[in-house]
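Visitor: Hello! I am new to this structure and would like a close look at a single part of it, the surroundings of the ligand. Could you walk me through them?

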Amino acid sequence: MVVILLGAPGVGKGTQAVRLADSNGAVHVSTGDLLRAARREGTELGRKAQSYMDAGELVPDDLILGLVREHLAGLPEGADILFDGFPRTIAQAQGLDTVLSDSGFGVGMVVLFEAPDEVLVKRLAGRRSCPECGSVYNVHFDPPAEEGICDRCGAKLVHRADDSPETVQRRLEVYKEQTAPLIEHYEGHDAEMVRIDADRSFDAVYEEFRQAVVGARA
Ligand code: AP5
């Protein structure tokens with residue numbers, strides 16, 4: 001099944017997707033992670049994406065759709081996929097439908113994670129990320145065992161450049177302007193839409209998310 005995790009920056013999409021993928025073998029596809037990897041590797045896509053990401057703007061649709069198409073081609077046929085941070089515009093949603101229908105699939109479920117802006121701002125201010133293995137922590141809510149060091153691989157944690165207060169404000173505006181219209185789009189789509197109150201503990205959010213996805217596959 002193809003599941004889309006929709007929601008504003010910092011709402012917890014990545015955290016919940018990693019946990020579910022670890023437990024049920026689904027493939028987690030985060031366009032943000034793919035873009036950051038492209039930047040680290042210094043590819044042409046990484047160079048093109050850099051200025052958009054640093055400014056909190058969306059990377060152009062054609063670059064994102066090309067990236068997703070290429071990534072999907074490398075996945076096992078029929079894999080369960082959790083899309084995190086994609087699609088982010090109506091054009092991306094339409095492009096995804098085309099890519100999936102070419103292989104006889106469709107979007108099965110859209111999970112909308114919701115939390116107030118002040119919660120998102122606090123979470124992003126406290127987020128620390130591992131540049132090596134991609135693990136995510138939070139100095140307020142989920143600190144690593146040793147300050148500044150990744151529990152999983154021992155690398156030095158970083159505060160993402162786009163988690164600065166000014167860029168976070170812009171990312172929230174961009175979400176409202178360009179991504180939130182996807183809520184209405186998917187309400188009129190064949191996929192099932194599930195709304196989750198993400199302003200709760202990690203475990204409470206995860207349990208509702210897991211049940212929704214596992215229940216839909218049963
Ligand atoms: P991307 O990396 O996708 O960023 P985002 O969507 O802004 O999402 P985040 O990673 O900030 O948040 P999240 O919801 O995953 O939260 P997380 O789980 O980490 O994109 C970055 C940039 O790349 C974009 O700005 C754009 O430029 C570009 N881009 C990417 N995809 C694109 C696309 N499709 N089209 C165009 N451009 C694209 O959690 C956040 C923090 O909160 C963590 O510290 C976590 O520990 C904590 N937390 C999580 N859940 C809880 C909880 N329940 N209680 C307390 N703390 C919690």
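Visitor: To begin with, which helix gives the most to the shell around the ligand?

Guide: Happy to show you, and please keep in mind that this is a predicted model. The answer is H2, which gives four residues to the shell around the ligand, the most of any. You can find helix H2 at residues 31–41. Other elements take part too: helix H1 (13–24), helix H6 (117–126) and strand E6 (136–138) each supply at least two residues of that shell.

Now look at the shell as a whole. There are 34 residues around the ligand, and those that come nearest are Thr15, Glu57, Arg88, Arg127 and Arg171. Sorted by class, the shell holds 14 nonpolar, ten polar and ten charged residues.

Next, let us pick out some individual polar contacts. In the side chain of Arg127, an N or O atom is 2.6 Å from an oxygen atom of the ligand. For Arg36, an N or O atom of the side chain is 2.9 Å from a ligand oxygen. Gly10 uses its backbone instead: one of its polar backbone atoms is 2.9 Å from an oxygen atom of the ligand. As for how much of the ligand is covered, taken alone it exposes 1100 Å², and the protein buries 96% of that.

Arg127 also leads us to a neighbour, Asn138. You will find Asn138 in strand E6, one of the elements that supply at least two residues of the shell. Leaving out residues up to four places away in sequence, Asn138 touches Arg123, Gly126, Arg127 and Pro143. Asn138 counts as buried because its relative accessible area is 7%, and the cut-off for buried is under 20%. A polar atom of the Asn138 side chain also lies 3.3 Å from the backbone nitrogen of Phe141.

Finally, step back to the nonpolar residues packed inside the protein. The largest nonpolar core has 58 residues, and Leu35, Leu82, Phe83, Phe113 and Phe209 touch the most other members. A second, separate core has five residues, including Tyr137, Cys150, Ala155 and Leu157. Going back to the largest core, Phe113 is a good residue to follow. Not counting residues up to four places away in sequence, Phe113 touches several residues, among them Leu5, Leu6, Val11, Ile196 and Phe209. Two of the residues named here sit in elements we started with: Leu35 falls within helix H2 (31–41) and Tyr137 within strand E6 (136–138). That brings us back to H2, the helix that gives the most to the shell around the ligand.

How values were computed: Residues numbered from 1 in each chain as written. Predicted model: local features only at pLDDT ≥ 70, side-chain atom pairs only at ≥ 80, totals over all residues. Heavy atoms only, no water. Core = buried A, V, L, I, M, F, W, Y, C linked by side-chain atoms within 4.5 Å. Buried < 20%, exposed > 50% of the residue type's maximum accessible area, 1.4 Å probe, protein only. Contact = heavy atoms within 4.5 Å. Near = heavy atom within 4 Å. Polar contact = N/O pair within 3.5 Å; in protein donor to acceptor, adjacent residues only side chain to side chain. Areas by Shrake-Rupley, 256 points an atom, 1.4 Å probe, with all protein chains shown as cover. Nonpolar A, V, L, I, M, F, W, Y, C, P; charged D, E, K, R; others polar.
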